[in-house]
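Open the model in your viewer and keep the selection panel at hand. The stops below are meant to be taken in order.

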Amino acid sequence: MITSIIQRNLTDIHDCMASACARSGRNAADATLVAVTKYAEWDWVQALAVMHRVFGENRPQQLAERQPLLPEAQWHLIGQLQRNKVRQAVTHADLIHSVDSIRLLQRIADVSTPLMRRPKVLLQVNVSGEATKSGFSVESLRQEWASVLMCAAQVEVQGFMTMAPAHDDPEAARPDFRQLALLRSELADRQDTQAAGLVLPELSMGMSGDFEVAIEEGATLIRVGSRLFQGLSTPVG
Ligand SMILES: *Cc1c(COP(=O)(O)O)cnc(C)c1O
């Protein structure tokens with residue numbers, strides 16, 4: 001029962017991803033689904049793991065609990081990261097999407113060096129400028145780019161992540177997604193970026209309501225939770 005519901009949802013999402021890629025002249029392999037499991041029961045995750053290998057968790061604690069139980073999967077941290085949870089995140093995440101300040105990036109660099117790791121991260125950009133969202137503003141990212149590059153030897157910055165404002169109309173998110181894609185190109189083309197060895201291939205954008213628009217605008221990672229588990233209900237109490 002659980003397996004067949006998830007299988008159907010997953011197939012639907014992959015079909016929508018493939019159509020969005022086709023509409024925008026991209027290869028289907030260019031966009032990867034990150035299955036967001038923050039509200040998923042563990043048996044749902046296990047059912048999904050048979051057919052899918054990339055998972056995203058919001059909280060470092062739940063990531064640290066689940067990753068060792070499915071070590072063959074790829075685990076991403078997509079939620080806000082406090083400085084005191086950095087070691088946990090670096091230990092258990094294959095990619096951290098949510099680096100929202102230079103201070104946090106430097107902390108990741110400091111923690112990773114003695115662990116002999118060069119973690120992969122994305123910088124979270126608050127494109128819309130909503131006061132309730134964390135992340136670099138577009139302007140602050142440009143201003144602080146030299147500080148980002150100073151961490152490049154210890155932390156592999158692979159690109160950017162954004163969350164579009166909640167909205168009924170997915171088209172409302174398109175300008176933000178487009179702006180982030182342009183910013184990625186601008187920063188990737190800079191000579192100092194290339195000299196630091198950063199390539200910035202990844203754009204993490206799009207969730208259940210707007211992932212097709214995000215793919216049309218260049219998303220390489222989409223983060224989908226509720227759409228993947230719709231039709232399953234959490235036991236009450
Ligand atoms: C929960 C969450 C998602 C997935 O949202 P859905 O609307 O359930 O697909 C994506 N990104 C982040 C950062 C989240 O916290």
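The tour goes to the ligand and its surroundings, then to two cysteines. Keep in mind throughout that this is a predicted model.

**Stop 1: the ligand.** Select the ligand and display the pockets. The space that the ligand takes is the largest pocket.

**Stop 2: the shell.** Now select the residues around the ligand: Val36, Lys38, Asn58, Ile78, Met163, Met207, Ser208, Arg223, Val224, Gly225 and Ser226. Colour them by class, and five come up as nonpolar, four as polar and two as charged.

**Stop 3: polar contacts.** Which distances should be drawn from the ligand's oxygen atoms? Begin at serine 208, where a polar side-chain atom is 2.5 Å from a ligand oxygen. Next take lysine 38: an N or O atom of its side chain lies 2.7 Å from an oxygen atom of the ligand. Finish with serine 226, which places a polar backbone atom 2.8 Å from a ligand oxygen. Then switch to a surface view: of the 390 Å² of accessible area the ligand has on its own, the protein covers 87%.

**Stop 4: the cysteines.** Leave the ligand and select cysteine 16 and cysteine 21. Are these residues buried or exposed? Cysteine 16 is buried at 17% relative accessible area, and cysteine 21 is also buried, at 1%. Why is no bond drawn from the sulfur of cysteine 16? The closest cysteine sulfur, in cysteine 21, is 11 Å away, which is too far for a bond. Starting from cysteine 21, the closest cysteine sulfur is that of cysteine 16, again at 11 Å and too far. With a cut-off of 2.5 Å between sulfur atoms, the disulfide count is zero.

Terms used:
Residues numbered from 1 in each chain as written. Predicted model: local features only at pLDDT ≥ 70, side-chain atom pairs only at ≥ 80, totals over all residues. Heavy atoms only, no water. Near = heavy atom within 4 Å. Polar contact = N/O pair within 3.5 Å; in protein donor to acceptor, adjacent residues only side chain to side chain. Areas by Shrake-Rupley, 256 points an atom, 1.4 Å probe, with all protein chains shown as cover. 1 Å grid on protein atoms, 1.4 Å probe; cavity = no way out; pocket = protein on both sides within 12 Å on 5 of 7 lines; lining within 4 Å. Sits in = over half its atoms within 2 Å of the grid points. Nonpolar A, V, L, I, M, F, W, Y, C, P; charged D, E, K, R; others polar. Buried < 20%, exposed > 50% of the residue type's maximum accessible area, 1.4 Å probe, protein only.
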